[in-house]
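Open the model in your viewer and keep the sequence panel beside it. Each stop below says what to select and what you will find there.

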Amino acid sequence: TDEKLAKAASKLTVEWTSSDESVATVDATGMVVAVSAGEADITASVTNSEMSAVCKVTVKVAAKDITVPDNLDVKLNDGNETTVEATVSPADATDVKASYASTDEAVATVDKDGRVQVLQPGECDIITTLMQDGEKVTEKTTHVKAFYEVESITLDSNEGKLTVGNSHTIKATVAPEEVAAETTIEWSSSNEKVATVDSNGKVTAVSSGNATITATAGEESANYEVTVEQPKKVTTSNKTYKSSSSSNSSAAVTPSNPAPVVPAPAQPDPAPAQPDPQPEQPSGGDNGGSNDSGNSGNSGDSGSGGDTDWWGTVIPGRADNGCTPEQQAGGVC
C-alpha cells in the first residue's frame, strides 16, 4: 500500500508558496528561509487538484548585544535626573526586554525604563540586563557620578599692599555652598621672588615689586594683586650740645637744630609810676628843735637843713641838727 501511495505521489506536481516573503521564503523543494521577524504561512498545493496543506512559520530574531553609556555625570547644579539609554542589537530582535538595577540606592535609584534619580552627591553603578524570551542574553554597567560643580570663587579683597617681611591671609569663598566644604582651593603666585602664598592663602612679602596671587577652585579662579614695598626708614637727627660756664657753674644746653624762636607779642607800655602820697606832718617842735629818738614823728619848723618824714622822704627846709646824715637818709630822725 505504501508503495502504491509513493508511486502515485511521484506523479503529482506540488507547488510551494509563502504568504509573506518578507518574513520567510520557500523554494520548489519546500526549503524555507527566514528573512525577518514575523509570521508567514507556507502552503503546499497539488497541481490540478484541490489538495493543499499549510504550515505557519514564526520567524524570531535573536538578540546579540545591548549598548549603554559607560558613564553618566550628573551635575546637581542643573538637576538630579538622567536616563540610561539602552540600544539592543540587532534592532529587530524580538521578544527582548531590558531591566535596570542600582548598586547603591542611597546615591541613585532607577526605574523600569532606565530613568535615574540622584538622591545625593556620590557614585554608583546602574546594571542593565538584556533578556529575550525570559532568558538572559547579556548585561552592561553604567557608572553614575553625581556632584555639584563650582560656579564661582570670590576673595574678601582683590588687591593690597605689604611691606617686606609682613604677611596677609586672603579669605576665599566657593559657591554653591553644597560644594564649598569638599572643594580644594589651589593657590599660586605669579612671582615668588616678590610674594609667596601657602595652601591656606597666606601671602608673605619677600621683596619690593608686584605679584598676582591666584586662587583656583575647579574651573573657576580669582586674583589678588599685591604690591610689596620696603619698610620706611626712621631717621633721627644727631644733636650737638654746647655748654658755657657761668658764675654759678650752670650750663646752657643748645641743640644744633633749635626750633625757631617765635617772638612774643608786644606788651603795652606800663603806666607811669605815681608819686607816693604826702604823709601828714607831725605837729610840734620849733625851728632847730630836736626829735625824740623813740618817736617816729619829727618836730620843728622849717630850718636851714632838710629833714625826713615817716616814709624816709627828705623834706626840704627841715633839719635836725641832732641827726647825722646817715640817720636822716635811713629815716631814723
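The tour starts with the whole chain, moves into one sheet, and then visits single residues and salt bridges.

**Stop 1: the whole chain**

Remember throughout that this is a predicted model. Show the cartoon for the full chain. It holds 3 helices and 25 strands. Colour by burial next. Of the 333 residues, 25% are buried. Now turn on the surface. The accessible area comes to about 22,500 Å², and carbon and sulfur atoms account for 49% of that area. If you draw a contact map, look at pairs with a separation of 6 or more. Residues 24 or more positions apart make up 45% of those contacts.

**Stop 2: a four-stranded sheet**

Select strand 7 (71–75), strand 10 (residues 96–102), strand 13 (residues 122–132) and strand 14 (residues 135–147). In what order do the strands of this open sheet lie? Read across and you get 7-14-13-10, with mixed pairing. Strand 7 and strand 10 are the edges, each pairing on one side only. From one strand to the next, the twist averages 25°.

Walk across the sheet, starting at the strand 10 edge. Strand 10 and strand 13 are antiparallel, with 7 bridges between them. To find the register, select Tyr-100 and its bridge partner in strand 13, Thr-128.

Step over to the next pair. Strand 13 and strand 14 also run antiparallel, joined by 11 bridges. Here, pick Met-131, whose bridge partner in strand 14 is Lys-136. Then follow the backbone round the turn. This hairpin has 2 residues between the strands. Stop at Asp-133, where phi is positive, near 55°.

Finish at the other edge. How do strand 7 and strand 14 run, parallel or antiparallel? They run parallel, and 5 bridges join them. Lys-75 is a good marker: its bridge partner in strand 14 is Phe-147.

**Stop 3: Thr-142**

Stay on strand 14 and select Thr-142. Is Thr-142 buried or exposed? Its relative accessibility is 0%, so it counts as buried. Show the side chain as sticks. It reaches the backbone oxygen of Pro-69 at 2.6 Å. Now display the surroundings, leaving out neighbours within four places in sequence. One group of contacts includes Val-68, Pro-69, Asp-70, Asn-71 and Leu-72. Another includes Cys-124, Asp-125 and Ile-126. Val-84 is also in contact.

**Stop 4: salt bridges**

The whole structure contains 11 salt bridges. Three of them are worth a visit, among them the one between Lys-140 and Asp-65.

- Select Lys-140 and Asp-65. The closest N and O atoms are 3.1 Å apart. The pair links distant parts of the chain: Lys-140 sits in strand 14 and Asp-65 in strand 6 (residues 65–67), 75 residues apart. Lys-140 is partly exposed, with a relative accessible area of 28%. Asp-65 is partly exposed too, at 28%.
- Select Glu-139 and Lys-136. Their closest N and O atoms lie 3.4 Å apart. Glu-139 counts as partly exposed at 40% relative accessibility. Lys-136 is at 53%, so it counts as exposed. You have met Lys-136 before, as the bridge partner of Met-131.
- Now select Asp-111, Lys-112, Asp-113 and Arg-115. Salt bridges that share partners join these four residues into one network. Within it, the side chains of Asp-113 and Arg-115 meet at 3.6 Å, N to O. Asp-113 is partly exposed at 40% relative accessibility. Arg-115 is partly exposed at 49%.

**Stop 5: Val-164**

Leave the sheet and go to the loop between strand 16 (159–163) and strand 17 (167–169), then select Val-164. Val-164 has a relative accessible area of 23%, so it is partly exposed. Which residues does Val-164 contact beyond its neighbours within four places in sequence? Light up Ala-205, Val-206, Ser-207 and Ser-208, which are among them. Then add Val-228, Glu-229, Gln-230 and Pro-231, which are in contact as well. End with a distance label from Val-164 to Ser-208. Their C-alpha atoms are separated by 6.8 Å, although the two residues are 44 apart along the chain.

Technical notes: Residues numbered from 1 in each chain as written. Predicted model: local features only at pLDDT ≥ 70, side-chain atom pairs only at ≥ 80, totals over all residues. Heavy atoms only, no water. Buried < 20%, exposed > 50% of the residue type's maximum accessible area, 1.4 Å probe, protein only. Polar contact = N/O pair within 3.5 Å; in protein donor to acceptor, adjacent residues only side chain to side chain. Contact = heavy atoms within 4.5 Å. Pairing = 2+ DSSP bridges. Axes fitted to C-alpha atoms, helices over the stretch in contact; angles between N-to-C directions. Areas by Shrake-Rupley, 256 points an atom, 1.4 Å probe, with all protein chains shown as cover.
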